[in-house]
Amino acid sequence: MSVSATFDLLLRGGRVIDPASGIDGLKDVAISNGRIAAVQSDILPTSAKNVIDVTRQLVLPGLIDTHAHVYQYVTGRFGMNADMVGVQSGVTSLIDQGGPSCMTLPGFRHFIAEPAKSRVYAFLSAYLVGGLEGHYYPDLYRPDCVDIEATVKSAIANRDLVRGIKAHAEIGGFARWGIRVIEMAAEIGRRAELPVYVHFGQLWGLPASGTNGEDVDTILERVIPLLRPGDVLAHPFTRHPGGFVNSKGEIHPVIQAALDRGLKVDVGHGSHFSYRLARKAIASGIVPNTLGADIHGYNTHVPAPAGTPDEPADDENHPFAGQAKFSLVQAMSSMVALGLTLEQVVPMVTSNPAAMLGLSDQIGALRPGMVADVSMLQEKNGRFVLRDNEKTEVIADRLLQPVFCLRAGVRHDATAPILPAAVAA
């Protein structure tokens with residue numbers, strides 16, 4: 001079928017996978033005025049002002065990273081440049097997880113979200129201080145430092161930017177103040193009518209008094225009843241205590257019931273990710289809904305700002321330390337290497353996160369009329385080494401790499417210096 005209208009751009013000859021539209025096949029994508037104009041076979045090249053040959057490439061709805069840290073400078077080494085982890089990495093939309101708070105959101109909007117070429121959203125921190133380098137100052141994250149009223153007000157007043165709430169449920173916090181903080185975060189989510197994204201896996205070191213009677217293996221079963229359908233359990237495959245695999249090496253029995261109740265799972269790859277534990281969880285039937293990269297300055301080696309505290313030491317035991325380079329697209333390769341199909345993985349970075357944001361009518365698909373956010377990936381065949389921070393190696397026979405993306409029809413090549421190179425086995 002041919003189209004006689006004149007288009008600004010034609011992406012020709014790629015494999016288009018658009019789960020939201022039920023499309024998977026060789027198609028052409030036509031773009032006009034920064035929006036999708038047509039997705040169909042054999043659009044005439046002469047119908048477009050510019051043609052890009054994407055033969056043997058995957059053409060996907062613009063990738064959505066559900067776990068970014070882009071409040072640059074304000075969050076110390078955590079904060080990355082938004083476009084480096086966004087459009088320069090083949091990713092068109094980012095969700096900053098807990099960087100801004102009700103107090104710091106205006107700065108995030110003005111200095112980060114508005115200037116970025118990538119789309120930038122936020123899951124607002126439940127804590128007044130937001131996502132500072134809190135592992136240095138855990139007392140800033142106690143219940144007295146949560147203001148439910150102020151956070152709900154900020155979230156509702158900034159609904160265009162704030163699409164969820166970020167909180168933590170881990171042994172370092174529980175040993176200090178028990179479950180109260182996560183109870184408050186769940187209340188914020190209920191009152192603001194937004195999903196709560198909960199970090200699991202140890203984040204803060206224990207206080208001098210130890211665990212104070214708290215059991216890391218009971219945190220999940222105590223937190224899950226507080227959550228609603230649509231709330232998100234993050235870091236299921238963490239190598240740190242408190243994830244989906246308990247200290248006995250068993251999948252927590254409460255997980256499947258939580259999923260049956262409508263809770264969601266985000267990989268939150270980061271430095272936490274363990275191939276060993278991911279294999280165990282996936283084998284038990286746990287398939288994540290979304291796939292956040294969780295790239296930050298500790299796993300991409302952003303220099304410490306002047307005056308950064310010396311402790312905890314930046315060594316291999318640091319909870320955020322990471323030597324294994326990765327990206328959102330490489331995390332997609334990891335999921336495929338662990339036995340999931342590409343058809344299972346693509347929704348994790350397109351239609352599913354769009355639904356999590358409540359923005360399925362705007363992003364995550366290639367429907368005519370939608371803004372032209374499109375990601376192009378190349379698929380290399382061979383034998384490639386993927387490595388996690390437990391030094392576990394997985395051999396992948398397919399490797400995905402970003403080539404370029406379109407953000408509102410404007411091309412951005414995948415030139416980010418943080419992107420990992422292919423390592424042949």
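Select serine 89 to begin: this residue of the predicted model is buried, with a relative accessible area of 5%. Buried means under 20% relative accessible area, so serine 89 falls within that class. Its place is in the loop between α1 (82-85) and β7 (91-97). Next, display the residues that serine 89 touches, not counting residues up to four places away in sequence: Asp83, Met84, Val329, Pro402, Ala416, Ile418 and Leu419.

**Helix α10**

One of those contacts, Val329, leads to the next stop, since Val329 is among the buried residues of α10. Select residues 328-337, the extent of this helix. The helix is mostly covered, with 9 of its 10 residues buried. The buried residues are Leu328, Val329, Gln330, Ala331, Met332, Ser333, Ser334, Met335 and Val336.

Now select methionine 335 within α10. Is this residue buried or exposed? Methionine 335 counts as buried because its relative accessibility is 0%. Leaving aside residues up to four places away in sequence, methionine 335 touches Phe237, Val267, Phe273, Leu291, Leu340 and Val345. For a view across the model, add aspartate 231: the two residues are 104 residues apart in sequence, and their C-alpha atoms are 22 Å apart in space. Before leaving this region, select glycine 339, just after α10, which takes a positive phi of about 110 degrees.

**The nonpolar cores**

In soluble globular proteins, nonpolar side chains tend to be buried together. The largest nonpolar core here has 98 residues. Which of its residues touch the most other members? They are Leu63, Val70, Phe108, Ile182, Leu291, Met332 and Met335. Select valine 70 from this group and show its contacts: Met80, Asn81, Ala82, Val85, Leu94, Asp96, Phe108, Ile112 and Val120, again not counting residues up to four places away in sequence. A second, separate core has 16 residues, including Leu11, Val59, Ala372 and Phe404.

**A strand pair**

Phenylalanine 404 also serves as a guide to the next selection, for its bridge partner is aspartate 413 in β15. Select β14 (residues 393-407) and β15 (residues 410-413), which pair in the antiparallel sense over 4 bridges. The hairpin that they form has 2 residues between the strands, and alanine 408 there takes a positive phi near 55 degrees.

**Two packed helices**

Two packed helices are described by the angle between their axes and the distance between the axes. Select α3 (residues 148-157) and α5 (residues 180-192): they pack at an angle of about 35 degrees, with axes 9 Å apart. Their crossing is right-handed. On the α3 side, show Ile148, Glu149, Thr151, Val152, Ala155 and Ile156; these meet Met184, Glu187, Ile188, Arg191 and Ala192 in α5. By type, the residues of this contact divide into 7 nonpolar, 1 polar and 3 charged.

**Two loop residues with positive phi**

Select tyrosine 73, in the loop between β6 (63-68) and α1. Its phi is near 75 degrees, a positive value in a residue other than glycine. Tyrosine 73 is exposed, with a relative accessible area of 69%.

Finally, select aspartate 294, in the loop between α8 (275-283) and α9 (297-300). Aspartate 294 has a positive phi of about 55 degrees although it is not a glycine. Where tyrosine 73 is exposed, aspartate 294 is buried, with a relative accessible area of 2%.

How values were computed: Residues numbered from 1 in each chain as written. Predicted model: local features only at pLDDT ≥ 70, side-chain atom pairs only at ≥ 80, totals over all residues. Heavy atoms only, no water. Buried < 20%, exposed > 50% of the residue type's maximum accessible area, 1.4 Å probe, protein only. Contact = heavy atoms within 4.5 Å. Pairing = 2+ DSSP bridges. Core = buried A, V, L, I, M, F, W, Y, C linked by side-chain atoms within 4.5 Å. Axes fitted to C-alpha atoms, helices over the stretch in contact; angles between N-to-C directions. Left-handed = near helix turned anticlockwise from the far one by under 90°. Nonpolar A, V, L, I, M, F, W, Y, C, P; charged D, E, K, R; others polar.
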